[in-house]
Structure formats: C-alpha cells, structure tokens
Amino acid sequence: QNARAICGFDPAAAQSVRELKRRGFGVALATNPIFPSVATESRIRWAGLAPETFAWYTTYENIGYCKPNPDYYREILRYLGCRAEDCLMVGNDVEEDMMAAQAAGLSVFLLTDCLLNRKEKDISSYPQGDFDALLAFVEEWGGEASL
C-alpha cells in the first residue's frame, strides 16, 4: 500500500471508464499481469475505481501471457467471449499496447498522456489524444466492447 504515494493518479482515467460503462460498453483492464490479484485490486482502487467495475482484469494468476505478446490479447478475447473486431484497446504504450493489440486484430486508441514510446516508433497512424479525445473517438468508432 505504500507504493500508492509514488504511483500517478489521473482522475480523468476513472471518469472515462465510468463514462464508457454508462454508454453501455463492457470494460476490461488489460494491465500487464505482473502482480497478483490482491495488488491489482489495490491499484484499481488507487485509481478511484472498484475491481467489480471491470468485466475482467488480468493478474498473474489468471492469464498465461504478458504484453507485448499478441496472444495476451487473444486470451482476453477468448475469456470474455469477444471478437477482436468489436474491441478497442486503449493504452499509452506504443509497443505493448498499440502494436501487440493490433497484431491480435483489435482496434486501438493511443492515450498520449504519459505516452511510452521507448523505440521512438512513428505514432501518426494511431488514433490518439487525451481522455476527452478518447471519448470523442468512441462516439464515432462504434464497436461493441472496450478493453
């Protein structure tokens, strides 16, 4: 719990999740499963949400793949019973979120707040922006589920 003090917090993240759910989207938390469920649940609460907000969230107990393996996303889709073409992966990491999710067939949106682009890849082809831009993008996107 002491790690909370050094973790970033953006209230817009929780607001966006709540708004997506209000609009009828299913929401899963596709966080790299390097923690057990007890730690992931704490991180969810630190972000101002409850674990039950999500249809599923990944932990090292419930999934056998990690990012950037596209099979990580395929396993989430299998668990949720979703088709890749109906899902949107929202993330801030170019390689682990955008490239891997696209390789698994998902649509993507790159959050530019806290952008991670370690290999300085060209990001111009990705729909992108802040949380407000995400909500505007979702209005036009029209998929059925959200990761």
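The buried residues of helix α4 pack against α3, β2 and β3. They are V94, D97, M98, A100 and A101. The model is a predicted one, and this part of it serves as the starting point below.

At the start of α4, D93 places a side-chain oxygen within 3.1 Å of the backbone nitrogen of E95. After the helix comes G105, with a positive phi near 95°. L106 then sits in the loop between α4 and β3. With a relative accessible area of 4%, L106 is buried. Its C-alpha atom is separated by 6.6 Å from that of M89, although the two residues are 17 apart along the chain.

M89 belongs to strand β2. Five of the five residues of β2 are buried, so the strand is largely enclosed by the rest of the structure. In a regular strand, side chains alternate between the two faces of the sheet. In β2, C87, M89 and G91 point one way, while L88 and V90 point the other way, and all are buried. The neighbouring element in the pairing is β3: the two strands run in the parallel sense and are joined over four bridges. Within this pairing, M89 has V108 of β3 as its bridge partner.

Helix α3 can be read in a similar way. Its buried residues are Y72, Y73, I76 and L77. Seen down the helix axis, these residues fall within an arc of 135°, so they line one face of α3. What does this buried set pack against? The contacts are with β2 and α4. At the N-terminal end, N69 caps α3, with a side-chain oxygen 2.8 Å from the backbone nitrogen of D71. At the other end, α3 is followed by G81, whose phi is positive, near 70°.

These elements meet in the largest nonpolar core, which has 20 residues; Y73, M89, L106 and Y126 touch the most other members. At least two residues of this core come from each of α3 (70–80), β2 (87–91), α4 (94–103) and β3 (107–111). There is also a second, separate core of 18 residues, and A14, V17, L49 and V90 are among its members. V90 and M89 point opposite ways from β2; V90 is in the second core, and M89 is in the largest one.

The charged side chains add another set of contacts. Side chains of opposite charge can pair when their charged atoms come close. The count of salt bridges in the model is ten.

One of them joins K67 and D97, with an N to O distance of 2.8 Å. K67 lies in the loop between α2 (37–46) and α3, and D97 lies in α4, so the pair ties together parts that are 30 residues apart in sequence. Are these two partners buried or exposed? K67 has 12% relative accessibility and counts as buried. D97 is likewise buried, with a relative accessible area of 4%.

A second pair is D86 and R83, whose closest N and O atoms are 2.9 Å apart. D86 is located in the loop between α3 and β2. At 12% relative accessible area, D86 is buried, whereas R83 is partly exposed at 48%.

Elsewhere, salt bridges with shared partners join E19, R22, R23 and E139 into one network. Within it, E19 pairs with R22, and the closest N and O atoms are 2.6 Å apart. Both residues belong to helix α1 (residues 11–22), where they are three residues apart, about one turn of the helix. R22 has a relative accessibility of 61% and counts as exposed.

To return to the start, D97 is one of the buried residues of α4 and is also the partner of K67 in a salt bridge. The buried residues of α4 make contact with α3, β2 and β3, and all of these elements, α4 included, supply at least two residues each to the largest nonpolar core.

Definitions and conventions: Residues numbered from 1 in each chain as written. Predicted model: local features only at pLDDT ≥ 70, side-chain atom pairs only at ≥ 80, totals over all residues. Heavy atoms only, no water. Core = buried A, V, L, I, M, F, W, Y, C linked by side-chain atoms within 4.5 Å. Buried < 20%, exposed > 50% of the residue type's maximum accessible area, 1.4 Å probe, protein only. Arc of directions from axis to C-beta. Contact = heavy atoms within 4.5 Å. Polar contact = N/O pair within 3.5 Å; in protein donor to acceptor, adjacent residues only side chain to side chain. Salt bridge = Lys/Arg side-chain N within 4 Å of Asp/Glu carboxyl O. Pairing = 2+ DSSP bridges.
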